[in-house]
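User: I should like to learn how to read the features of a protein model. Could you guide me through one?

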Amino acid sequence: MKKILQLNSSSQHISKTRKLSDLWIDQLFDKGDVVVQRDLTGLPIINGDWMVANYTPDNELTVEQHRILELSNQLIEEVQSVDILVIGAPVYNFGIPVALKAWIDLIARAKKTFRYTEEGSEGLLMNKKVYVIYASGGTPMGADYEFVTPYLRHILSFLGLTDIQFIDGNNNQLPELNQLKSVS
Ligand SMILES: Cc1cc2nc3c(=O)[nH]c(=O)nc-3n(C[C@H](O)[C@H](O)[C@H](O)COP(=O)(O)O)c2cc1C
């Protein structure tokens, strides 16, 4: 039994990455698997109070600081609890959508998802497969002005998520995806 986390970050009602992620998960899915869906749109942006709470030792946190970190803790536990992540990554203004960046900012926490050792940084989210579903209105995946895949490869690897496969939603790699040609 596998546990799959589906992360959607599209701001559009008719979303190519959502449809492609659904189809990708249909392919992966075996009887008994569990899919957890998380819509990242509307996630809060980290602010000063959040930063202070994040840098406060766990045993010194106030009740209010516990509350401030609650969502971040929940999102981290959600990632820790799954075997596979399927991340919808639309290209917005040549980078990732703000919703996906908000999620990354909320889960990238020292001593929880990464740490620094004498040898350098070490990611703590390990042994998970990541599929990133890429879609754009024309920016080819891998173009030198495309900042979605290099950024995601770097930050996910930094967090320990090194087993990443990028699926180019513009270049339908699955026969089933052809039906989505009309969705842009
Ligand atoms: C705010 C916004 C910015 C976009 N910026 C780009 C861009 O820089 N390059 C590009 O090729 N397509 C761009 N697009 C088109 C989207 O990448 C395209 O619609 C893709 O299907 C997005 O995935 P989604 O349908 O899941 O939202 C943009 C779309 C939106 C809504």
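Analyst: The discussion below takes up the ligand, the nonpolar core, one helix and several single residues of this predicted model.

User: Which residues are closest to the ligand, and how many surround it?

Analyst: A residue is counted as near the ligand if one of its heavy atoms lies within 4 Å of it. Here 17 residues surround the ligand, and the closest are Ser10, Ser15, Thr17, Val91 and Tyr92. By class, this shell holds six nonpolar, ten polar and one charged residues.

User: What polar contacts should I look for around the ligand?

Analyst: One looks for pairs of N or O atoms within 3.5 Å. In the side chain of Ser10, an N or O atom is 2.6 Å from an oxygen atom of the ligand. Ser15 likewise places a polar side-chain atom 2.7 Å from a ligand oxygen atom. With Lys16 the backbone takes part: one of its N or O atoms lies 2.8 Å from an oxygen atom of the ligand. As for cover, the ligand taken alone exposes 630 Å², and the protein buries 77% of that.

User: How is a nonpolar core read, and which residues touch the most other members of the largest one?

Analyst: A core is a set of buried nonpolar residues joined through side-chain atoms within 4.5 Å. The largest one in this model has 38 residues, of which Leu85, Leu100, Trp103, Val132, Leu152 and Leu156 touch the most other members. Elements that give two or more residues to this core include the strands β1 (3-8), β3 (84-90), β6 (129-135) and β7 (163-168). The helices α2 (48-54), α3 (63-80), α4 (98-107) and α5 (148-158) are also among these elements. The element that gives the most is α4, with seven residues.

User: What is Val132 in contact with, beyond its neighbours within four places in sequence?

Analyst: Leaving those neighbours aside, the contacts of Val132 are Ile87, Ala89, Leu152, Leu156, Ile164, Gln165, Phe166 and Ile167. There is also a second, separate core of ten residues, which includes Leu28, Ile84, Tyr131 and Ile133.

User: Is α4 mostly covered or mostly exposed, and what do its buried residues pack against?

Analyst: A residue is called buried when its relative accessible area is under 20%. Seven of the ten residues of α4 are buried, so the helix is mostly covered. The buried residues are Ala99, Leu100, Ala102, Trp103, Ile104, Leu106 and Ile107. They pack against β1, α2, α3, β3 and α5.

User: Which residue in the loop between β3 and α4 has a positive phi of about 50°?

Analyst: That residue is Asn93, which is not a glycine. Asn93 counts as exposed because its relative accessibility is 76%, and exposed means over 50%. Phe94 is found in the loop between β3 and α4 as well. Phe94 has a positive phi of about 70°, although it is not a glycine. Its relative accessible area of 43% makes Phe94 partly exposed.

User: How should I relate separation in sequence to distance in space?

Analyst: One compares the count of residues along the chain with the distance between C-alpha atoms. Gly48, in helix α2, is 75 residues from Gly123 in sequence, and their C-alpha atoms are 24 Å apart. Ala143, in the loop between β6 and α5, is 23 residues along the chain from Gly120, with 30 Å between their C-alpha atoms.

User: Are Gly48 and Ala143 buried, exposed or partly exposed?

Analyst: Gly48 is partly exposed at 46% relative accessibility, whereas Ala143 counts as buried because its value is 17%.

Conventions
Residues numbered from 1 in each chain as written. Predicted model: local features only at pLDDT ≥ 70, side-chain atom pairs only at ≥ 80, totals over all residues. Heavy atoms only, no water. Polar contact = N/O pair within 3.5 Å; in protein donor to acceptor, adjacent residues only side chain to side chain. Areas by Shrake-Rupley, 256 points an atom, 1.4 Å probe, with all protein chains shown as cover. Nonpolar A, V, L, I, M, F, W, Y, C, P; charged D, E, K, R; others polar. Buried < 20%, exposed > 50% of the residue type's maximum accessible area, 1.4 Å probe, protein only. Helix = DSSP H or I, 4+ residues; strand = E, 2+ residues; numbered from the N terminus. Contact = heavy atoms within 4.5 Å.
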